[in-house]
Structure formats: structure tokens, C-alpha cells
Amino acid sequence: MPQGRKLAELIAVVRDGDDTRLPELAREALGDLVAQIEALEGRIERLDRRVVRHAREDETARRLASIPGVGAISATALAAMVPNPQGFASGRHFAASLGLTPKPHSSGGKERLGRISRQGNSMLRRLLVLGATSRLRNARRHPEASDWATRLLARRPFKVVAVALANKMARIAWALLARGGTYTATATA
């Protein structure tokens, strides 16, 4: 099978006893692997349902899920991994702790920003960037919604905008964790 997401096709070949492309010994060995993969997929689905249920029941996760681009898994992870948001002086410090801000190389009053540092909690950073990517894909399909991210997407590469949007989402999440309330989109946003 070619590389990529062709697992369903491979499973169909393994399950089809009449398919002659696969030797019988390989079919038997791959059958065990297919059973393990299917068991893992079932377990992942059950755990996903539990996380979504918990996100609906937990007040903090519900508030975080009100941010566009933050789903049940991201909201639950943020609520669990940031028990004390007051430990950060601001949303910028929180975003920097996740590795979503440029690394400063400043000297003599001249500010120079480098690449995104990628230091900090990689799981939360990945979840926020994935949420931002999803939000940007939706913005590409519906360009009539001219928000900040859509305007920035016209000027910058997709991945740069995704990280910038993830940074913004992290700052909003910190504000909701530290000050309470729910996310409401403003006219300027």
C-alpha cells in the first residue's frame, strides 16, 4: 500500500479473503494488527466522548469553548493544565509560556523579534495552532467574514497567520481563566 491515509483500503484488503494480492500468512499477521487498530480506535472514540461530556459539565471548559477555534478537547486541556492563571502577569506572558511569541533579540533600544520560540507546553501549543488552522480554513471558504485573521491572511503566509491566531486565542483564554466571563466577539474582532 502507498504511504498516507490509506488504512481503510488496507483493512478492506486484509478482511477480503478472496483478494489474492496478500499472502495468507501476511493476511493472518495483518488481521491481528487490524484488530488492534480497531480496538484502539474504539477506545479513542470512548475517551473523546468522555472528554466532550466533561467539557459540557465543567463551567471553566464551557467558558473556554466559547472562544472560536477552541473545542472541547482544547478547552478541557487548558482548564486542566492551567490551574492558576494568576501565575502569569498577562496574556502575553501566558502565550510566551506556551511558545507562541517571537523570541526577542533586542539591544540598545532597537527591538528585533526572531522566530517563534516553541518553548513551553507543546501539547497546548499544538491544540491552539490546530484550532487556529481550522478557523483559518473556514475563513478561506467564507471570505466575506472579514475579521482580523482574514485580513492578515491576505498579507501573510497561512502558517504564520495560524500561529498569530493561536497566540491571540491563548491571550483570550488567559483572560477568561484569570478574570472569568465568557467570550463575546466585539465589532472590531
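This is a dialogue between a student and a tutor on reading the features of a predicted model.

Student: Before going into single residues, how many helices and strands does the protein chain have, and in what pattern do they follow along the sequence?

Tutor: The protein chain in this predicted model has eight helices and two strands, and read along the sequence they follow the pattern α-α-α-α-α-β-β-α-α-α. Of the 189 residues, 29% are buried, while the accessible surface comes to about 12,500 Å², with 54% of that surface belonging to carbon and sulfur atoms. Among the contacts with a separation of 6 or more, residues 24 or more positions apart account for 49%.

Student: Which residues of helix 4 are buried, and what covers them?

Tutor: Burial is read from relative accessible area, and a residue counts as buried when the value is under 20%. In helix 4, which spans residues 72-81, the buried residues are Ser74, Ala75, Thr76, Ala77 and Leu78. Their cover includes helix 2, helix 3 (59-65), helix 5 (91-98), helix 6 (122-141) and helix 8.

Student: Is Ala72, in helix 4, buried or partly exposed, and which residues does Ala72 touch?

Tutor: Ala72 is partly exposed, because its relative accessible area is 22% and the buried class ends under 20%. Not counting residues up to four places away in sequence, Ala72 touches Val51, Val52 and Ala55. The C-alpha atoms of Ala72 and His54, which are 18 residues apart along the chain, are separated by 8.5 Å.

Student: How should I read a salt bridge, and how many are there by this rule?

Tutor: The criterion is a side-chain nitrogen of Lys or Arg within 4 Å of a carboxyl oxygen of Asp or Glu, and by this rule the count comes to four salt bridges. One of them joins the side chains of Arg15 and Glu38, at 2.5 Å from N to O. Arg15 lies in helix 1 (residues 7-15) and Glu38 in helix 2, so this pair ties together parts that are 23 residues apart in sequence. Glu38 itself is partly exposed, with a relative accessible area of 34%.

Student: Why are Glu24 and Arg27, or Glu59 and Arg63, separated by about one helical turn?

Tutor: An α-helix has 3.6 residues a turn, so residues three or four places apart point the same way. Glu24 and Arg27 are three residues apart in helix 2 and therefore separated by about one helical turn, and their side chains meet in a salt bridge at 3.8 Å, N to O. Glu24 is exposed at a relative accessible area of 56%, whereas Arg27 is buried at 9%. Glu59 and Arg63, four residues apart in helix 3, are likewise separated by about one helical turn, and the closest N and O atoms of their salt bridge are 2.8 Å apart. Here Glu59 is partly exposed, with a relative accessible area of 40%, and Arg63 counts as buried at 12% relative accessibility.

Student: Which residues gather in a patch of positive charge on the surface?

Tutor: A charged patch joins like charges within 9 Å, taking residues with over 30% relative accessible area and no salt bridge. Arg43, Arg46, Arg49, Arg50 and Arg53 gather in such a patch of positive charge. Arg53 is found in helix 2 (residues 24-57) and counts as partly exposed at 46% relative accessibility.

Student: Where does Asn167 lie, and with which residues is Asn167 in contact?

Tutor: Asn167 lies in helix 8 (residues 158-179) and counts as buried at 11% relative accessibility. Leaving aside neighbours within four places in sequence, Asn167 is in contact with Ala95, Leu100 and Thr101.

Definitions and conventions: Residues numbered from 1 in each chain as written. Predicted model: local features only at pLDDT ≥ 70, side-chain atom pairs only at ≥ 80, totals over all residues. Heavy atoms only, no water. Patch = residues over 30% accessible without salt bridge, like charges linked within 9 Å, V, L, I, M, F, W, Y side chains within 5 Å. Areas by Shrake-Rupley, 256 points an atom, 1.4 Å probe, with all protein chains shown as cover. Lys, Arg positive; Asp, Glu negative; His and termini not counted. Charge placed at Lys NZ, Arg CZ, Asp CG, Glu CD. Buried < 20%, exposed > 50% of the residue type's maximum accessible area, 1.4 Å probe, protein only. Contact = heavy atoms within 4.5 Å.
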